[in-house]
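Biologist: Before planning any bench work, I should like to go through this structure with you. Could we take it topic by topic?

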Amino acid sequence: MARTTKSDSNATGKQAGSDRSGGSGKAATGDPTQVFVGTGGERHQVAAPGGPVLTTNAGTPISDDHNSLRAGPRGGLLLEDFVLREKIFHFDHERIPERVVHARGLAAHGYFELTDSLADLTTALVLGEVGEKTPVFARFSTVAGNKGSADLARDVRGFAVKFYTKQGNWDLVGNNIPVFFIQDAMKFPDLVHAVKEEPDRGFPQAASAHDTFWDWIAMTPEAMHMVMWQMSDRTIPRSVRMMQGFGVHSFRLVDAAGKSTFVKFHWMPKLGLQSVCWDEAVKINGADADYHRRDLYNAIEAGDFPEWELAVQLFSEEDAAGFDFDHLDATKLIPEEVVPLRVIGRMVLDRNPANVHAETEQVAFCTQNLVPGIDFSDDPLLQGRNFSYLDTQLSRLGSTNFNQIPINAPKCPFANMQRDGHMQTLVQPQRVTYTPSLLDPAGPRESHDAGFRSFRTPLEGTKQRDRSPTFADHYSQARQFFLSQTEPEQDHIVAALIFELSKVEAAIVRETMLGHLVVIDEDLGERVAAGLGHDGAIVPATPAVPTRANLPLAPSLSMLARGVPPFTGRQVGALVTDGASAAAVASLKKAVAGVSAMLKIVCPTVGGVTLDDGSKLKADHQLAGGPSVLFDAVAVIASDNGAGALLAESAAVAWVHDAFAHLKVIGATAQAGPLLDAAGVEPDEGVVGIGKDAAAFITAAAAGRIWAREPDVRTVY
Ligand code: HDE
């Protein structure tokens, strides 16, 4: 229906178009009673009768949301236009300050279920009641990059979980690495300034491979253990669903009698530990900067809910006295071989945020959020964090009332005498806003039984500003970590150090770093020096205390030594051409489904292809938009003509070449041979023929990368 007649009216009762003379009057597509073209050709929709009407924030109905109020058809805008002003005003303030660190994050809702009670050690109900499901919100993040940076930066990953327990919120704000760069909170701003983009030039973004980071590291021996982890493939995870999480610090569990047991928290992913290769990470960032967030979002939407076991390491004060390191030092870990893990529960993430700003962005994790029965240790880093996290929320969320934002609000009853402040959303009718009070004896009061009580730590000593000598050994565990890695993992640490230090322009920084590396392990330092083309002498760093070369290897520190993780939830990419074998495609689909992985079809055009039986196959990606770096294993199902045509497509040759260089298993029909040859693929155990049966290909793919191929595809120093 055209909207030129005066009888047309919108749901506000106003005459539609009464102030829009000269419009085309043509109905646009869609429901003709609701969609029309305005005077300047713009499309409008009016509310259906009885349907919701667009209003200002004060509730005033809006008659036109596309045209500002103006003086004449080509005249200036009028200041009186409150609809325009309010819309732009709100838009101007849509962003809140991003987190100084951990700005780029992704999150999900879920639950934690206790499977093994620690009720004998703690009064925390969340760790005491087997079968109890506690709602959680988990946020994963990179540290250095800004909010819009790419997911696969080489970086430590944040692993923060808010448990909405019956005794208040417990925030376990950890990382995917069990140690940290520094021993004292005082150094945190320096670390962050060094790793963030250099302030005089504003780059590099989300990268540690630059002068200021390594300058600071070279001057900070306590960071060496963390640097070994940072240079390992742990910092380029395949998915947040496939990484461990660690509370890092020692905490205390406290029982009803006030007895304390030390605890370290570990998250173990059900999908095992998986990482990508560095060259893959670089290319994924270009192909899909949202790789990790898309992966988590899609998995949860598909009902493929990621899961982690929560495990604890429990130890007493006496046990701690026997360790050859100080457990209050966050640059040290307790190997699982020394204090074994005890699995006590599981976390399942089963719901994506409904609104990323409201939840992922506004969630305010605070290390100070503990529940009765869990307490801090004296780790100086943790003690400093307890100030920082509360303080930072005021800058980010703008109000001391940030806990009233739904994602932060406890799900148990809460009440106190704190009042007013910016953006107070509670209308609190009470007259008495203090304790004690005779006027209101029924108001909330402290509880000696249920309340949080700090562990009665005996204290003595002098007020002083120095580091404990028990924190002085900076190299022994760095060495233990490096030597506990499998050969390909060691090779990757060497390669990462070569890459990072090659980006450092200042020779003195590179040389000082080599001096640290030779103390960690001579061979490590010499290999990195060779990769940098450094031919001078290396002056070893001088450790504050002798490095212990006799620490036993700890295989638990290696990702590969933990065994081959399941193939469940991974992605197989198949490059398919016109005329390709329908039987091969069918067998591939069956084999992939058999291991609960996902198959993505890549074709020369997104319209898909016609197979040899005349059937149509839909594409998930067009060739250039679906590079092989997005997949865990790849297959090429081509016809003779299809493979021939792909020889002239550099994206197709790169597709196969990259898969080979990234040590992936490649399945191929015989007709794909010329493409594999053009891509430089050499036959090995990871190059598997696909005929009418793709089972052998999937079995090979599920066994993981072909590490033995690596020396054939790049120089291993
Ligand atoms: Fe953080 N850290 N941090 N950190 N951190 C922040 O808090 C800080 C440290 C960690 O998804 C900030 O709300 C100091 C260790 C995670 O929202 C800030 C020190 C570990 C997240 C802050 C540390 C972490 C943060 C920035 C040295 C692993 C993201 C915005 C004493 C155990 C949480 C914010 C989320 C975020 C300070 C060291 C993990 C500035 C001062 C060690 C996972 O408050």
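The exchange below concerns a predicted model and takes up the ligand, a loop residue and the nonpolar cores.

Biologist: Which protein atom is a donor of the iron atom of the ligand?

Modeller: The closest residues around the ligand are R99, R139, R385, S388 and Y389. Of these, Y389 lies in helix α9. The only protein donor of the iron atom, at 1.8 Å, is Y389 (OH).

Biologist: Which element gives the most to the shell around the ligand?

Modeller: The shell consists of 21 residues. By class, ten are nonpolar, eight polar and three charged. At least two residues each come from β5 (157-165), β6 (168-175) and α9 (380-397). With six residues, the element that gives the most is α9.

Biologist: How far is an N or O atom in the side chain of Q393 from an oxygen atom of the ligand?

Modeller: Polar side-chain atoms of several residues approach oxygen atoms of the ligand. For R139 the distance is 2.7 Å, and for S388 it is 2.9 Å. For the side chain of Q393, the distance is 3.4 Å.

Biologist: Is D473 buried or exposed?

Modeller: D473 is found in the loop between α9 and α10. Its relative accessible area is 10%, and the limit for a buried residue is under 20%. D473 therefore counts as buried.

Biologist: With which side chain does the side chain of D473 make a polar contact?

Modeller: Leaving aside neighbours within four places in sequence, D473 is in contact with K332, V545 and R548. A polar atom of the D473 side chain also lies 3.3 Å from the backbone nitrogen of Y475. The polar contact between side chains, at 2.9 Å, is with R548.

Biologist: Which residues touch the most other members of the largest nonpolar core?

Modeller: In soluble globular proteins, nonpolar side chains tend to be buried together. The largest nonpolar core here has 53 residues, and the helices that each supply at least two of them include α3 (211-218), α11 (487-502) and α12 (507-520). The residues that touch the most other members are F181, W214, I217, M228 and L497.

Biologist: Which residues does F181 touch, not counting those up to four places away in sequence?

Modeller: F181 is one of the residues that touch the most other members of the largest core. Beyond four places in sequence, F181 touches V156, L191, F213, I217, E222, A223, M226, V227, Q230 and T331.

Biologist: How many residues are in the other core?

Modeller: This core lies apart from the largest one. Among its members are L106, F112, L172 and W267. The number of residues in it is 36.

Technical notes
Residues numbered from 1 in each chain as written. Predicted model: local features only at pLDDT ≥ 70, side-chain atom pairs only at ≥ 80, totals over all residues. Heavy atoms only, no water. Core = buried A, V, L, I, M, F, W, Y, C linked by side-chain atoms within 4.5 Å. Buried < 20%, exposed > 50% of the residue type's maximum accessible area, 1.4 Å probe, protein only. Helix = DSSP H or I, 4+ residues; strand = E, 2+ residues; numbered from the N terminus. Contact = heavy atoms within 4.5 Å. Near = heavy atom within 4 Å. Polar contact = N/O pair within 3.5 Å; in protein donor to acceptor, adjacent residues only side chain to side chain. Nonpolar A, V, L, I, M, F, W, Y, C, P; charged D, E, K, R; others polar. Donors = N, O, S within 2.8 Å, 3.2 Å for Na, K, Ca; no water.
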